[in-house]
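Reader: I would like to learn how to read the features of a model like this one. Can we take them one at a time?

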Amino acid sequence: MARVTGARLTVAHASAFDFEDALTDDGERPVAMNRPLFALFARQVSTGCAFTMRDGAGRLVMIAGLYPIEGRAEAWWAVGPAMRANLRAGLRIWLDLLLAVAQDVAPIEVRAHIAARSVAGAAMARWCGFTEAGHAEFPGFGRMAVWRRLFTPEGADGVPDTVHSPDRRNGGDRRHRPLPSP
């Protein structure tokens, strides 16, 4: 699945070892890796659809994917040190991949659980078309905001092959198209 975009970002199938470059929710420190956390990451990567995005220097932009769970899918992502510099391009690619994969198995509800204190995580979910649906407590993680999005065979939230996302340059409306298969 290697693909190089105009922003010089490389997208490839993910490995659990890519998480070694991920940052904590505040985006300031590397994730403190331990065996249970690595096992969780390995299960997410191996069971669902996952990709790693890196910049031209090989620095992690994002590792993300969809994990099947209880008749729905869990959208997950972890950012790396190059995310801030590649935010717009990184989110566009993540959204394109999310649309392509979720529509392939539609109808399906996709949820994302984001730390309740994570303003950046909530903004990323909102930008990708998720809406906040409540909160839940997760042992070891604390209070998490639950975000959801429905994908139908007709398209994301019933909109054929496109989704509108905020873009300050053109009054808040930008159309995304899924990436072609590699």
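Author: Start with Asp 18, and keep in mind that this is a predicted model. Asp 18 sits in the loop between β2 (10-13) and α1 (35-47).

Reader: Is Asp 18 buried or exposed?

Author: Asp 18 counts as buried because its relative accessibility is 13%, and the cut-off for buried is under 20%.

Reader: Which residues is Asp 18 in contact with, leaving aside its neighbours within four places in sequence?

Author: The residues in contact with Asp 18 are His 13, Thr 52, Arg 54, Leu 60 and Ile 63. With Arg 54 there is also a polar contact, side chain to side chain, at 3.2 Å.

Reader: How should I read a charged pair of that kind?

Author: The general idea is that side chains of opposite charge can pair when their charged atoms come close. In this model the count comes to 6 salt bridges. One of them joins the side chains of Asp 18 and Arg 54, at 3.2 Å from N to O. Asp 18 belongs to the loop between β2 and α1 and Arg 54 to strand β3, so this pair ties together parts that are 36 residues apart in sequence.

Reader: Which residues are linked with Asp 18 in a network of salt bridges?

Author: The network links Asp 18, Asp 21 and Arg 54.

Reader: Which other side chains meet in a salt bridge?

Author: Asp 55 and Arg 59 do, at 2.8 Å from N to O. Asp 55 is buried, with a relative accessible area of 10%, whereas Arg 59 is partly exposed at 40%. Glu 109 and Arg 111 also form a salt bridge, at 2.8 Å from N to O. Glu 109 is buried, with a relative accessible area of 19%, and Arg 111 counts as partly exposed at 26%.

Reader: How do I read a pair of aromatic rings?

Author: Two values describe such a pair: the distance of the centres and the angle of the planes. Here the count comes to 3 aromatic pairs. In the pair of Phe 17 and Phe 38, the ring centres are 5.2 Å apart and the planes are at 50 degrees, so the pair is tilted. This pair links distant parts of the chain, with Phe 17 in the loop between β2 and α1 and Phe 38 in helix α1, 21 residues apart.

Reader: What is the relative accessible area of Phe 17, and what is that of Phe 38?

Author: Phe 17 is exposed, with a relative accessible area of 53%. Phe 38 is partly exposed, with 26%.

Reader: Which residues do ring pairs link into a cluster?

Author: The cluster consists of Phe 51, Trp 77 and Trp 94.

Reader: Now the interior. Which residues have the most contacts inside the largest nonpolar core?

Author: They are Met 62, Trp 77, Trp 94, Val 110 and Phe 130, in a core of 36 residues. Two or more residues each come from β3 (49-54), β4, β5, α2 (87-104), β6 (108-115), α3 (119-127) and β8 (142-152). The largest share, 8 residues, comes from α2.

Reader: What does Val 110 touch, not counting residues up to four places away in sequence?

Author: Among the residues that Val 110 touches are Leu 66, Ala 73, Leu 98, Phe 130 and Trp 147. A second, separate core has 12 residues, including Phe 19, Ala 22, Phe 41 and Ile 63.

Reader: Where is Gln 44 found, and what does it touch?

Author: Gln 44 is in helix α1 and is buried, with a relative accessible area of 13%. Leaving out residues up to four places away in sequence, Gln 44 touches Phe 19, Tyr 67 and Trp 76.

Reader: Which residues of α3 are buried?

Author: The buried residues of α3 are Gly 121, Ala 122, Met 124, Ala 125 and Trp 127. After α3 comes Gly 129, with a positive phi near 90 degrees.

Reader: How should I read the sign of phi?

Author: Most residues other than glycine have a negative phi. Glu 70 is not a glycine, although its phi is positive, about 50 degrees. Glu 70 lies in the loop between β4 (60-69) and β5 (72-79) and is exposed, with a relative accessible area of 72%.

Conventions: Residues numbered from 1 in each chain as written. Predicted model: local features only at pLDDT ≥ 70, side-chain atom pairs only at ≥ 80, totals over all residues. Heavy atoms only, no water. Helix = DSSP H or I, 4+ residues; strand = E, 2+ residues; numbered from the N terminus. Buried < 20%, exposed > 50% of the residue type's maximum accessible area, 1.4 Å probe, protein only. Core = buried A, V, L, I, M, F, W, Y, C linked by side-chain atoms within 4.5 Å. Contact = heavy atoms within 4.5 Å. Polar contact = N/O pair within 3.5 Å; in protein donor to acceptor, adjacent residues only side chain to side chain. Phe/Tyr/Trp six-rings, centres within 6.5 Å; stacked < 30°, edge-to-face > 60°. Salt bridge = Lys/Arg side-chain N within 4 Å of Asp/Glu carboxyl O.
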